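Me: I have a model open and would like to understand the labels attached to it. Could you take me through the reasoning behind them?

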Amino acid sequence: MLLTGFSTFVWLLYMVMLVLAVAALIMAAMAREDAYRAADKQKKSFWLIILGVTVAVNLFVPMLFLQLAGAVASIVFLVDVRPALRAVSGGGRRGGSSSDGPYGPYNGGR
C-alpha cells in the first residue's frame, strides 16, 4: 500500500514536470526573436532546444536526474527569461502607456 502511494506521487511529479516543460516551450516559441536580444538573454533557438530536449526527456527517458535538470531549465525560463521578454515586448501592461510609473501615469510634475 505504501509503495502504491509512492508510485502515485512520483507519477504526479513526472506529470507536473512535463506540463511545466511544455508550457515553457510554448511560451518560448511564442516570443519574438528580437525580444530575446533586447532583454539580453540567450537566443530564442537556445531556449527552444533546451526546452524541447526537456520535453523529450520527460516523455521518453525515465531518468530522474535528467528530468530534474529539465525542470530547473523550465523554472529558469519561467521565472527569469519570460518576465524579461514581457517587459521588453510591452506585455504585462493593460492599457498603460510608456509614461506610466508604479503608482500611475506620470504627468510631468503637475
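Reply: Happy to; we will go label by label, and please keep in mind that this is a predicted model.

Me: Let's begin with burial. Why is Leu85 called buried?

Reply: Buried means under 20% relative accessible area. Leu85 has a relative accessible area of 5%, so the label buried applies. You will find Leu85 in helix 4, and its C-alpha is 9.3 Å from that of Asp40, although the two are 45 residues apart in sequence.

Me: And what makes Leu13 partly exposed?

Reply: Partly exposed covers the range between the buried limit of 20% and the exposed limit of 50%. Leu13 has a relative accessible area of 33%, so it is called partly exposed. Leu13 sits in helix 1.

Me: How do you know that Leu13 can belong to a nonpolar surface patch?

Reply: A patch residue needs over 30% relative accessible area and no salt bridge, and Leu is among the nonpolar side chains that can be joined. With its 33%, Leu13 passes the area test. Leu13 makes the patch together with Leu3, Phe6, Phe9, Leu64 and Leu68, and the patch has an area of about 610 Å².

Me: Which helices supply the nonpolar patch with at least two residues each?

Reply: Helix 1, residues 2-30, and helix 4, residues 64-89, do so. Helix 1 gives the largest share, four residues.

Me: Now the salt bridges. How many are there in the whole structure, and what makes Arg32 and Asp34 one of them?

Reply: The search finds three. The rule asks for a side-chain nitrogen of Lys or Arg within 4 Å of a carboxyl oxygen of Asp or Glu. Arg32 and Asp34 have an N to O distance of 3.0 Å, and their pair counts as a salt bridge. Arg32, at 47%, falls in the partly exposed class, and Asp34, at 33%, is partly exposed too.

Me: Why does the pair Arg37 and Glu33 count, with 3.8 Å from N to O?

Reply: The limit is 4 Å, and 3.8 Å satisfies it, which makes this pair a salt bridge. Both residues lie in helix 2, residues 33-38, four residues apart, or about one turn of the helix. The accessibility labels split here: Arg37 has 57%, so it is exposed, whereas Glu33 has 32% and is partly exposed.

Me: What makes Lys41 and Asp80 a salt bridge?

Reply: Their closest N and O atoms are 3.1 Å apart, and the limit is again 4 Å. Lys41 lies in the loop between helix 2 and helix 3 (44-60) and Asp80 in helix 4, so the pair ties together parts that are 39 residues apart in sequence. Lys41 is partly exposed at 27%, and Asp80 at 38% is also partly exposed.

Me: Last topic, the largest pocket. What makes the class count of its lining come out as six nonpolar, one polar and three charged residues?

Reply: The lining holds Met27, Met30, Ala31, Ala35, Phe77 and Leu85, along with Arg32, Arg82, Arg86 and Ser89. Met, Ala, Phe and Leu count as nonpolar and Arg as charged, while Ser falls among the others, which are polar. Sorting the list that way gives six nonpolar, one polar and three charged.

Me: How much space lies in that pocket, and where does the largest share of its lining come from?

Reply: About 230 Å³ of space lies in the largest pocket. Helix 4 brings the largest share of the lining, five residues, and both helix 1 and helix 4 supply at least two.

Notes
Residues are numbered from 1 along each chain as its sequence is written. This is a predicted model: local features need pLDDT of at least 70, side-chain atom pairs count only at pLDDT 80 or more; totals for chains, interfaces and linings use all residues. Side-chain values use heavy atoms; hydrogens and water are left out. Patches are made of residues with over 30% relative accessible area and no salt bridge: like charges are joined within 9 Å, nonpolar side chains (Val, Leu, Ile, Met, Phe, Trp, Tyr) within 5 Å. Accessible areas come from the Shrake-Rupley method with a 1.4 Å probe; for residues, only the protein chains shown count as cover. Buried means under 20% relative accessible area, exposed over 50%, partly exposed in between (1.4 Å probe, protein chains only). On a 1 Å grid over the protein atoms alone, a cavity is a set of points where a 1.4 Å probe fits but cannot get out, and a pocket is an open set with protein on both sides within 12 Å along at least five of seven lines; lining residues have an atom within 4 Å of a point. Grid points are joined across faces, edges and corners, and a volume is the space filled by probe spheres set on the points.
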